[in-house]
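I open the notebook on this entry. Topics to look up: a metal site, a ligand site and a helix pair.

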Amino acid sequence: MSRLELRHMRKAFGGLEVLADISLRVDAGEFVSILGPSGAGKSTLFQLLTGAEHGEGEMFFDGAPLDDHGRHFAFMPQRDALMPWRRILDNTTLGLEVQGVRRKAARTRVAPLFAEFGLTGFERHFPAQLSGGMRQRAALLRTVVQERDMLLLDEPFGALDALTRAAMQRWLEQMWRHHRWTALLITHDVREAVFLSDRIYVLSARPARVVREIKVPLPRPRHPSGAEARQASLLEAEILDILLNLQPSKGHDHD
Amino acid sequence: MVSSSFNPRQLAGFFAQAAPAVISIGLALVAWELYANYSGIKPTVLPAPSRVLEQALVNRDALLDNAIPTIRATLIGFACSLSAAFALSMLVDFFQPLRRALFPVFIVSQTLPLVAIAPLVVLWFGFGLTPKIMLVALVTFFPMLVALVQGYEATEVEIGQMLRAMGAGRWRVFILARLPSALPYFFAGLRISITYAVVGAIFAEYAGAAKGLGIYMLNAKNNFRPDLVLAAVGVSAALTLVLFGLTVLLQRLAMPWERAAGRQAAGKGPQA
Ligand SMILES: Nc1ncnc2c1ncn2[C@@H]1O[C@H](COP(=O)(O)OP(=O)(O)OP(=O)(O)O)[C@@H](O)[C@H]1O
Ligand SMILES: [Mg+2]
């Protein structure tokens, strides 16, 4: 039984058809990516999962229909959504506070994670005082500390420069090996998807449908070197081909 | 770390910032002094600033005596309007249709000419504190309401989405995200309204009062004492400046993250 399963999800905003047909599944302890062109409807899919929007189709969590959205997912939105008025420590405890954990207990729960997330010494800083990479790590810390069944990560590294992004991808892969979160990641970045995922769903341009499901057979830990690196770049090239061949379909898109 | 006390460098910076304003005001005063003394104009028409200052000192007890009711009307009126604006802004935020029902009424209330309204309100409510409070509230209520409602709406969409995904209800979202997001708008509104508040109070007194800077100005004018009118104007300007300064100070205390962000922009923040 899959942890999360979507069957034929559809969603339109008014007359704008955004999701045409999305079926996918994520198994427990699996890292799955959704790769698709900008504006395809990837973030919209997360809105359906978190209950912010409603669509047609069926969603199952551990085999049961998904109804109480708040319970299963820890959601990291596309922008880091750190609150500028809260210090980093208080930003990371936000999810726990909403769950009703007392502030002091919440702090003792997040404190040991600061080292692992490379944020030691910045507990009392405001988000504006942090670099882009640190902000993303703080947002990720706020997400994982909620200890929900599954992580939903919407382009966590999209706003970072190439070097920082590469460093963050390595760091996240390492973190994931320790914690084995069940995770669904949205990204534009083919290399990121291949580097981090067990499986990848490639979406078409809007209205989005799943055009391909790709297994990533590379061993972990993922080392970008030697024969594996060649295998990875072959996979990346294949996916890029699929994505680029999707583009002409945009020509039929009247909007 | 963030400290709320001033250090000498900040003070020096403040004076450096204030210097152009001080110089231009100083030059205007000097020009006025020269013109009043040497153009042959009568002091009963245009008194020199030195004379205004001298008469202000001579009459300082009367000025102070009349400033206190004005300060009281300003502060009480402003506090009333602030509480009302806050309560209503929350209602409007939770029940959007209210906005369409109420805003046109408030917009009309803003277009009423104060000159016409002030005597009427005094006529209805007498020479006491009530009409002053009402007029101060009338001129400050709407700017504060708009500032707050706009501020709530400036909340980052992603923050709201994330909080709801965490399981927060509307009230939690309001307290955790919408209210703090509105703070910069609130203080911008506060800075504007506090200046309106003083003007509103003086207008109300002008229309009829036992005591106050407004009635003091009116009496001085009727006694052909423009020097005392100007002295009272000076007191009201000083009052406005002090209140304005207080709002700036309050904002600094209430929003320490803004200054933290400023220091980061100046390149003193951490690198990583
Ligand atoms: N609440 C909404 N109301 C109307 N249209 C919306 C809404 N949310 C999203 N859309 C539209 O749905 C389409 C898909 O948006 P979405 O944010 O899901 O794309 P995306 O794949 O996440 O893009 P990106 O990769 O750039 O983040 C866009 O055309 C957008 O304008
Ligand atoms: Mg998106």
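I note at the start that this is a predicted model.

**Metal site.** I looked up which protein atoms serve as donors of the magnesium ion (ligand 2). They are OG of Ser43(A) and OE1 of Gln78(A), lying 2.0 to 2.3 Å from the ion. I then checked where the two sit in chain A. Ser43(A) belongs to helix H1 (residues 42–50). Gln78(A) lies in the loop between strand S6 (73–76) and helix H2 (88–92). They are 35 residues apart, so I record the pair as linking distant parts of the chain.

**Exposure of the donors.** Buried or partly exposed, I asked of Ser43(A). Its relative accessible area is 24%, so Ser43(A) is partly exposed. Gln78(A) also went into my table as partly exposed, at 35% relative accessibility.

**Ligand 1.** I found 15 residues around this ligand. Those that come nearest are Ser38(A), Lys42(A), Ser43(A), Thr44(A) and His188(A). Next I listed distances from a ligand oxygen atom to a side-chain N or O atom. For Ser38(A) I read 2.7 Å. For Ser43(A), also a magnesium donor, I read 2.8 Å. For Glu155(A) I read 3.1 Å.

**Helix pair in chain B.** I turned to helix H3 (residues 60–94) and helix H8 (residues 170–206) of chain B. How do their axes cross? They come within 9 Å and cross at roughly 145 degrees. I logged the crossing of H3(B) with H8(B) as right-handed. The contact residues divide into 17 nonpolar, 3 polar and 4 charged.

Notes: Residues numbered from 1 in each chain as written. Chains lettered and ligands numbered in written order. Predicted model: local features only at pLDDT ≥ 70, side-chain atom pairs only at ≥ 80, totals over all residues. Heavy atoms only, no water. Donors = N, O, S within 2.8 Å, 3.2 Å for Na, K, Ca; no water. Helix = DSSP H or I, 4+ residues; strand = E, 2+ residues; numbered from the N terminus. Buried < 20%, exposed > 50% of the residue type's maximum accessible area, 1.4 Å probe, protein only. Axes fitted to C-alpha atoms, helices over the stretch in contact; angles between N-to-C directions. Left-handed = near helix turned anticlockwise from the far one by under 90°. Nonpolar A, V, L, I, M, F, W, Y, C, P; charged D, E, K, R; others polar. Near = heavy atom within 4 Å. Polar contact = N/O pair within 3.5 Å; in protein donor to acceptor, adjacent residues only side chain to side chain.
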